[in-house]
Structures are given as structure tokens and as C-alpha cells.
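Student: I am new to this structure and should like to learn how to read it. Could you guide me through some of its features?

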Amino acid sequence: MKLALKLLVRDWRGGELTLLLAALIIAVGTVTTITLFVDRLQQALLMESASFIAADRVISASRPIEPALLARADEYGLQRSATVSFLSMVFSDERAQLAAVKAVDDGYPLRGKLIVADEPFGTGRPAQKGPQPGSVWMESRLFPSLDTRPGASVDVGALTLPIADVLLKEPDRGGGFDTVAPRVIMHLSDVDRTEIIQPGSRVTYRYLFSGEEGRLKAWEASVRPDLPEDTRLYGVKEGAEEIGEALSKAERFLLLGGLLGVILAGVAIALAANRYAYRHFDHVAILKTLGATPARIDQIYLVIFIGLGLAATLIGAGLGLLVQAGVAEVLRPLLPVALPAPTMKPVLLGLTTGMVCLLSFALPPLLTLRNADPVRVIRRDLDTASPSSLLAYGFGGLGTFGLMWWYSQDLRLTILLFIGGLVAVVVLGLLALLLVRSGRQVGLQAGSAWRLAVAGLQRRQLESALQILAFGLALMLLLTLFLVRTSLLSEWRNQIPADAPNHFAMNILPEERGEIRAFLDGAKVTVTPEYPMIRGRITELNGVPVAELKRDGGGDRGAPRLSSTRNLTATATLPEDNKILSGTWFSPTSLVSEVSVEAEFAKSNGLMLGDMLVFEIEGRALAAEVTSVRSVAWDNLQPNFYLIFSPQMLIDFPSTFMTSFFLDPDQKSVLSPLLRAFPTMTVLEVDALIEQIRTIVAQVTLAVEFMLVLILMSGAMVLLASIQASLDERMKQFVILRTLGASNQLVRTSLAMEFAVLGAFAGLLAALGAELTVYGLEREIFDLDYSPTPWLWALGPILGAGLISVIGMLATRRVLDQSPVAVLRGLA
Amino acid sequence: MIKTNNVSKVVETSEGRLVILEGITLEINQGESVAVVGASGSGKTTLLSLLAGLDSPSDGKIVLGGEQDITVMNEAQRAKLRGEMVGFVFQTFQLLSSLSALENVMLPGELRGDPQAEHNAKKLLDRVGLGHRLQHYPRQLSGGEQQRVAIARAFASNPKILFADEPTGNLDAKTGAKIIDLLFELNADFGTTLVLVTHDARLAARCERSILIDAGLLVSEAVDVSAAIA
């Protein structure tokens, strides 16, 4: 033990440990930084996103939930709040309007903010909680419809309440079109006195909960089994379709980045540990001649390993903590929200990751030291065994798999990446060997430095191939991450284009269509084509009444139900962002009764092409055949429909129309005269929601970019470690050349060429590997549309050659300036 | 002290079986100094590595210290035996580059857990004339100095047998002569059995007896060493 520690200290003093320690510290540091920063960003994102449902979790029910069940949240230290929503007519002195009333308690909202103004469409200010008992807030558009103003009173059921403020924004308003009626908010304690809620009334009770994620999960597990049948418990990802998808993808990307970070760190450690072990083979042989037994060697290097591991993980974790704090500080002005304080969990995660990385990547090469043959001290040529062995690869593979699984909590992603990685290693390794061998014809044509470089590569065929593989893998991971990131960002950018409609007009009467269009044209507002819209529900499927179908189609709880009343439309053109998955879209002149069904709706209700559906619309039955199944981009904030009829089908029905348009903030004043002129029309403002989504997407983008930078740093570390690992052999060769009279210029040029050739080959392999990996990832994991990237094939080799020769020349510069004797002594 | 019986060493190469040593039977007595001589590639270095237990023979028996048959031992047992009985001096010195002169000489004692390791090492380095360069690293020492450190380290374990493989091979004649003087001086003081592989006729002549190896065979006790290795 004492001897081992002494050897550790002496090795450190002698500079033998510098590279290994640096690789370890950077590996642990990077992983800790990534985990910590991502954790903080995720916390922030989740909090910001939670504002979409005004809570972390929501229980939504059509009947009140038992207080005892709700009180269980208190045991878990959660905060709670409750809202009750219903539709009701609201009356001013002159007019009446159907409004979506929401009654809230003093705790509402748990997440996000209410924004109110003094005047309709005025400048907003945040409010800490909802209206006081005995007053209401109303949405801007209700004022022109009711022809009233703030300070006046409205009747809600049996109660007359003064309008205290104008509601501009509520966090959980959402973008759904089921709640198109304008909003009135009142206090929960006033609801009974309105006498609106009677047995049989359609009321939605929402119970909001917030707290620390771990407690929420525990509470969720405890309460879920006891919830009544028709209730829904959801978090932000299920509750807010507009951002849920973006959040999930971002999370998967950060996870993927973290995984790649771990792998890169592992490779760097493995390379550095291999070099350390290689350089210590002779040391061990000497120790053995002096009487050290294999067990003693194990013991010595185990202590060195533990000492090294402890030092590296502690320093690395500390460094990670500092770096992420620095990064968070630098990014503070760019971040739209404050980052919550880091928790200890990621630090522990970083420490554990470091230790597991060490165990699986650094320990195996060190343990093979026990096999160093003592006869090496006399006959070095007899034993040139490399410290790598099957055991080492097995250990490394197992460790990598374990870490990936633990990190991602996703066996499918892990297996996909792991097998992909294995195949890549084998195929790319063979290709690398082929490339090295095929260089011969090329090499003979060129000048002297070039010949020297190629000869060098070919003499060390296996080592060169391994190096190309290591460089290639590192570059491949970096390119993969870069490509996936680019696809994700462009998808998010396209999700809501800058001029996407941010207002929707509904309940447009057929006879008002022309007038409204003229009004908006006059105000220089571009309007999209109108859709007819009517409410209706499915009553029969293939002749069987829906009520008799088992469990309403057998879908998941929360999935769209077959029997619910829905907004229906009819159109000849397939809406943008919809894609036909099976069947065919209506011909423009179709006179047949056809219906196109959204894919999720079809799946959860077991609908197939050719099924006959009977609808009940305005008390009349309408039959239609399912002729196509569509995918719908629910997060594009455009009017989206589960069910679309062929163009002629709704002509006989008294449907209203809807349309959408884009308003600049300074065009908002057009709304007041518009609503006054057409009081039956409903305008839904989603500009605030779009802004909210953009903020979140900006944050997610930042997180993704940051991850990329960190991984690039890890990648550079791998490249450096693998160049260092090959340095001894190269230096020996060049010292001999220098001794024989080769000019320093020749040596440098040849070395640069050697690195450039290695890099170019590695870049080529990286391009191939990245293209295939990105194809798999985008299709299987990220649900993105894959498109090939031809420029990658040019960029890969150029990037590889440039990067490797620059890092290589930097790493060897110092050595090349020394005298041959000094270099040889350093290598001894 | 050393006794071998019909020892041979055969290795498989890509061109078939290669016999390096065959039927070596010899005996070296305690305190004796013996030179192993022969042409390059004759197998003398292989013989040294077998006698010292650094390598295992393909056949035959090697007994050290009268009773220890090292051919039936595993690597751990042989390592233990080396630590207790054997010292080495190599042509390429084989010092640990990351350790200072003092630390290199302390190593055998430290491996045994000897609390006197440092004290003894200092004494030995003094004895070889390097008392003033204790903290120097191998790369800061000349070839002759490095070999003196190696000799001090060889005697640090108080060995019964000292194996030396071309100890002057990497040194100029003058330095080599000094090193040999030192080696024999210490050998006499410690009463060690010395087995020395060499090309150098003068060096071989300083040993009490010489063994000639030719093409893997023990030819005879060499009478005229210069002729044998010419």
C-alpha cells in the first residue's frame, strides 16, 4: 500500500500520469458539467412549460373529486389549487354572450402568470392571483361583444358581479379549439351563488398540483389507482400538445448528447490508460525481476488506480460544478428564465459516471500489466504484447452499455446505439485497414515527405487502422450530434413560421363571410381561406351503435374517444402539415360521402379504411365511409381536425365558418371594431401562446447548442489522447530520421501529411458512419424526416484532415524542437 | 548454488520450430564467478534468463540454492525467489525512469517491506560513488552513472546470485572498466555467486571460469575465450 502510493506520487512527479489524469478529469468534468447544466435547464424548462397547464400535474374530472383523495397531496408536501370551468351565458345591460367561465381559488395559478390590463387590448401587467371574491375579469374581446367596459357589471347566472380587470393572458388557456368561447374568470367561492351548476351540468373540475418532481412522482403513483374511471391525471407533456413534442425531443437530444459525452470520455480514458499501461510494461517487468509477484503488481496498480480515480473524480466534479456555474452566469442574459439552483443528484451522477468510466475503461489495461513478462528486461523483442485484451474490450463494452442504459433509462435507445456502435466499429475498422493498405499505389507517385508519411502509415498498419478508427468514431459522434441538432432546430423553426396566423375567427355566419373578409382586407390583414365548421358526433360504426362498442373503442384513457362531440369540417384541399398515411384524399369534385380520419384517432378507436361511420349533426344523421387516414401536426397552432368530410357533404347543414389571420402587435386595435361590428363572431387570440412557445423553443435550442459545444470539447480530448497515445512510436522513428540527417522541415512536413492522411480517412469513415446513424436516429428516435447530406462527404475528410493535423502538430511541436538525444531519453 | 539438468528452450516461429538451447547441463558453485560466452545469437542471454527464472525452459530442470527447482514454480513463486535470492545488472541498465537514483535503489527493499530500505540504499549509492546524486533521475545521469545505480540496486536485495547481462555493452571502454572493477569489488564483499554474460574477452578472463555456448549447445568450458567469441 505504502509502496503503491509512493509509486503513484513518483509517477506523478515524473509526468507519467499527466495525460491519464487530464483525460479523467476532463471526462468527469464534462459529464458533470453536462449533467448539472442539463438538469438545471430541464428544471427551468419544466417550470416554464408547467405554466402551460398552470401546474406540474393536473387531475381533470367531470365530477368533483373526494376531498380526502385530494388531501393526500398534502402528505407529499405538494401545493394544490382547484378550478371549475363551465359554459354560461353572460349578460350586460344590452347584450348576452356565451362565455367560458372559469372559477379559481386563491392558489391559482401554481405555475405561470396571469396578465391583466386596465383597458381591453391594453398593456398588460402580471397579477399574483385571480379576481377577488365578488368580482370578475373578462377577456378583451368580450367587451365589444357585450358592449361594456371595465368597472361595469355583468350577470353570471343569478349573480351580478363588477368587472374588476381585463384578462389578457392565463397560463393554461392552451390552443385548443374546444374552448373557443371568450373567457370570464371569477372566484371559486362565488360559484355556488351563481346557481349555474346543477345536476347534469357540463362542468370540468381541474385540480392543480405542484412540487418537487420526485414527490410528484411518488404522489402520482399513490393516487392514480384510486382515481375514478373518467378522470385524467396529466403533466405538461401530455397536457400541452403545442410544446410537449418539442420538449420530449429536446430531452431525448440532451440525453443522446450526454450518452455520447460518456462514450467519448470513456474512449479518451481508455486511450490514455492504454498508453500509461504500455509505457509501464517495462516498469512492471523490472519490478518483477526485483521480486514483485503478479498479485503484488495488481495490488500496486489497484491502489494507483483508486488514488487516481478519487483525485480525478473529485477534481473533475469540482471543475464541472465551477464550469457549469460559469456557463450559467455567462448565459444569464440570454436565458428567458432564471435557472434553479443545481441539485446534488447530478454531482453524484457525475462522480458515479466517472468511477464507472474508470472501472470499465481504465482498470482493464492496468490489470493486464500483471502479465508483463519479466524476460522483457533482457529481450524486449520477445514480448511486444499490447496491454489490450479481450477482457479489456469486454469490460469496456459492458461498462459502456451499463452507463448508456442507466443514463438514458431507455433500453431501446441504448440497444440501438450500442449495436450501431459495435457494427460501426467492426465495419469502420475493416475499412480503415483496407484504406491503409490501398495507400501504396498513391504513395509512390508523390514527393519524399509524402512517401515517408505513407510508408509510416503502412509500416504500422494495425496501429494506423486503429487510430483512424478512434478518430473516425469521435468525428462520427460529433457529426451525428451536429446533424440531429440541425434537423431538430429547423423543425422547431418551421413549427411556427414568423408570419403564422396568430388569431382565429370562428362562428362566422355564412352571410357575413364576405363582409368580414372585406373588413380585414381594408385593415391590410391577410386572411386564410375559410373552413366550414359544425359540431357533431359519431353514433354508429359499421352499423353498431357506438354505445354498444366495448369500452368506447378500447382506446387508452386520455386518447380521443369515438363518441365525443367534435368540430367537423369539409374541404377539398388537404390542410398544410397533414399527410395522408393510407387511403387517398378526396378528389376535388367528389360527390361521395367520404371522411378522412386522423391517425391517432383511427388507431385508438380501431377505425380502418372502408369503415362506415354514422354522424349525428344538428339532429340529423349523416353516413360516410373512411377513405383516408391522415397525420396531423398538432403543434403547429393551425386549425386541426380529427375528422374532415369530402367537400360537398356539409353543404346542406347550417354550418358556420372559421378562418385565421396574422396580426402585428400594433394591428391589435383592429379587433375591437371588428368584434363590435360582428358580435356573433368569436376571435381566439393565440399570439401570446405563440410567444410563450417561442420562448420555450429558444431555451431548448440554447440547451441543445450548449450540449453540442460540450461534446465538441470531449471529442477534441479524445483526438488529443489518441494522438498522444501514438506519439512514442512516431517520435522514435523521427529521431532516427533526424539522426540520419533528415531536415527538420522534412520531418515536420511528413508528420503533418501523416496526420492529414489519417484525418482524411477518419473523416471519410465518420461521414459514412454519421450518415447511417443519423438515418437511424431521426427515423427511430426523433421522428424526424431524414434527408441525406451530400456535403457531409466532402466536409468529413477535410474536417478530419484539418483537425487531426492541427492537433497533431500542436501535440508534437515541443518534442520536434528538442535534440534527438533528449527525445530518446524522454522515451526511455 | 545453480544446477541445471538437460535444459532446453524451443520456440515456435512462423518458419517452424526454433531450438535456442538444447541439453544444457551445468553446475555453478556458491561464491563462484562464471562468464557465459558465445557468439551473437548463440543463446547465452536466453540461458541467463532461464537460470534467473525470468523465463521457463521447454524441458529440463533448474535448481537454485541447492533445493529450489524453479522449473516447477509458477510466476508468483519465481518472483518471490528472485526477490530473495537474485540480483540483476542489465546491458540497458533498466532503471525506472520516473524514479530518482535513490528511489530506484530503494525499490527491492521496499518490495520486501524492509524499513531500512532507504538507509541501505543511501549506503550503497555512497559505495558506488553516487552519494551526491541521490535525487537525480536516470535521464540526468550518464551511462556509467546509470549502470552504477543499477549495480547498487542489484546488491540492495543482498542477493545470493548476481546475474549480469553484458554489463559494459552500452559503455565506453574506460567507463566499462571502472564498472567491472566496481562489480567485482562488491561481488567479493557480498560473497555473491556471479553469472555474467559477455562478449568481452578481458571481462570473461576476470571470472574464475567461462562457459561457451555455441548454437544453443554447451560446448565446453572455454579455455581461450577470445578465440571462442571471435
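Tutor: The following exchange takes up the fold, the contact between chains, and some backbone features. Please keep in mind that this is a predicted model.

Student: How many helices and strands does the secondary structure of chain B come to?

Tutor: Chain B has eight helices and ten strands.

Student: What share of the residues in chain B is buried?

Tutor: Burial is judged by counting neighbours, and a residue is buried if 20 or more other C-beta atoms lie within 10 Å of its own. Of the 230 residues in chain B, 50% are buried. One may also ask how far apart in sequence the contacting residues are. Among contacts in chain B between residues at least 6 apart in sequence, those joining residues at least 24 apart make up 68%.

Student: How many residues does each chain bring to the contact?

Tutor: Chain A contributes 22 residues and chain B contributes 27 residues. On the side of chain B that touches chain A, α1 (44-51), α2 (75-85) and α3 (101-112) of chain B each supply at least two residues. The most comes from α2(B), which gives seven residues. Sorted by class, this side of chain B holds eleven nonpolar, nine charged and seven polar residues.

Student: How should I read a helix such as α1(B): is it mostly covered or mostly uncovered?

Tutor: As a general idea, an α-helix has 3.6 residues a turn, so residues three or four places apart point the same way. In this case α1(B) is mostly covered, with eight of its eight residues buried. Among them are B:Lys44, B:Thr45 and B:Leu51. After α1(B) comes B:Gly53, with a positive phi near 75°.

Student: Which residues that are not glycines have a positive phi?

Tutor: Two cases may be set side by side. B:Asn6, in strand β1 (residues 2-13) of chain B, has a positive phi of about 55°. B:Phe93, in the loop between β6 (86-89) and α3 of chain B, has a positive phi of about 65°.

Student: Why does B:Asn6 count as exposed, and why does B:Phe93 count as buried?

Tutor: The neighbour count decides. B:Asn6 counts as exposed because it has 12 C-beta neighbours inside 10 Å, and a residue with 12 or fewer is exposed. B:Phe93 counts as buried because it has 23 C-beta neighbours inside 10 Å.

Student: Where does a cis peptide bond occur in chain A?

Tutor: The omega angle is the value to read here. The cis peptide bond joins A:Tyr108 and A:Pro109, with omega about -5°. A:Pro109 lies in the loop between β3 (96-104) and β4 (114-117) of chain A.

Conventions
Residues numbered from 1 in each chain as written. Chains lettered and ligands numbered in written order. Predicted model: local features only at pLDDT ≥ 70, side-chain atom pairs only at ≥ 80, totals over all residues. Contact = placed C-beta atoms within 7 Å. Helix = DSSP H or I, 4+ residues; strand = E, 2+ residues; numbered from the N terminus. Nonpolar A, V, L, I, M, F, W, Y, C, P; charged D, E, K, R; others polar.
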